[in-house]
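This report looks at the salt bridges of a predicted model. Please keep the sequence and the structure at hand while reading.

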Amino acid sequence: MPAVTKAVIPAAGMGTRFLPATKSQPKEMLPIVDTPVMQYVVEEAVESGLQDILIITGRGKRSIEDHFDFHPELEEILERNGKAQLLSQVREIADMANLHYVRQKQALGLGHAILHAKRHVGADPFAVLLGDTLMTGGTMPCTRQLVQAYERLSKPVIAVERVDRDKVGRYGIIEGEEVGPGLYRVRRLIEKPSVEEAPSDLAAAGRYLLTAGIFDHIENAERQRDGEIGLTPALNRQAHEDALYALLFEGKRYDIGNRLDYVLTTIEFALRRKDVGPAVREHIERLVEQLRGGAFR
């Protein structure tokens with residue numbers, strides 16, 4: 001069984017829910033305090049042992065490539081001004097992994113984006129990390145947990161999380177049976193079901209460990225009504241024709257694909273930091289007192 005060394009990060013979406021900010025910059029480059037979302041995702045892949053990373057981009061996404069490139073002029077200024085720590089940070093960003101890029105010229109869905117990795121992946125297993133989803137906590141990164149599960153099972157594995165029943169309509173929900181602690185054999189996924197239709201509260205969480213067979217499943221799966229090529233139909237073919245597992249990962253997921261979750265994520269990440277956390281906490285406490293007094297109504 002070949003080792004898992006490759007990761008694919010789809011990042012070609014338009015980010016319309018973040019307009020006007022995303023008119024001129026990718027949503028994946030929006031900062032959580034001072035670090036772009038995409039950097040966190042790449043760091044997760046690297047910390048999971050994956051050094052060969054393909055990012056699927058689109059029009060208007062050039063800043064992703066620029067961020068992970070060297071910047072000689074900036075480095076010279078930082079060095080001249082004696083800012084050694086900042087200089088080290090910007091150099092580490094460019095050195096962290098072997099990054100490759102390919103453009104998705106039409107926004108035709110997640111499955112269509114992943115098809116762009118077919119030549120790069122070849123016959124190897126690979127991880128998929130959505131570029132607008134962050135994972136924290138746990139004894140190891142979420143993607144590393146999937147790698148270890150794949151090494152035991154030799155079958156594709158997707159990360160899932162428990163969600164409130166009234167929120168199942170936002171996600172792909174799995175139907176299956178538990179075959180080990182936190183491990184499920186998937187029968188099917190249902191995309192954004194109603195509360196009544198949802199077979200469980202286990203939602204796909206934006207991390208996948210797939211094999212090369214997924215490309216045939218994507219190409220042969222039924223297209224969506226709007227013509228897009230989704231990943232869910234291909235995963236259902238995988239579950240029906242061979243096997244697909246779901247792992248209830250250890251940690252917490254942050255979906256920054258909408259304004260509210262983005263703001264809440266930024267606050268949580270800021271609170272964890274030693275440099276700004278105490279001041280942010282004090283400010284929140286003052287705001288709470290003002291809210292109790294009737295402010296912001």
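## A pair within one helix

Arg-272 has a relative accessibility of 47%, and because the partly exposed class runs between 20% and 50%, Arg-272 counts as partly exposed. Its side chain meets that of Glu-268 in a salt bridge, with 3.7 Å from N to O. Glu-268 counts as partly exposed too, at 28% relative accessibility. Both residues belong to helix α10 (residues 259–272), where Glu-268 and Arg-272 are 4 residues apart, about one turn of the helix.

## A buried pair between a helix and a strand

Glu-44 and Arg-207 also form a salt bridge, and the closest N and O atoms of this pair are 2.9 Å apart. Since Glu-44 lies in helix α1 (residues 37–47) and Arg-207 in strand β11 (residues 202–210), the salt bridge ties together parts that are 163 residues apart in sequence. Glu-44 is buried, and Arg-207 is buried as well.

## A pair between two strands, and a network

Another salt bridge joins the side chains of Glu-175 and Arg-187, at 3.6 Å from N to O. Glu-175 lies in strand β9 (residues 172–180) and Arg-187 in strand β10 (residues 183–191), so this pair ties together parts that are 12 residues apart in sequence. Arg-187 is partly exposed, its relative accessible area being 48%.

Glu-175 and Arg-187 also belong to a network of salt bridges that links them with Glu-177 and Arg-188.

## The overall count

For the predicted model, the count comes to 19 salt bridges, and the pairs described above include Glu-44 with Arg-207 and Glu-268 with Arg-272.

Terms used. Residues are numbered from 1 along each chain as its sequence is written. This is a predicted model: local features need pLDDT of at least 70, side-chain atom pairs count only at pLDDT 80 or more; totals for chains, interfaces and linings use all residues. Side-chain values use heavy atoms; hydrogens and water are left out. A salt bridge is a side-chain nitrogen of Lys or Arg within 4 Å of a carboxyl oxygen of Asp or Glu. Buried means under 20% relative accessible area, exposed over 50%, partly exposed in between (1.4 Å probe, protein chains only).
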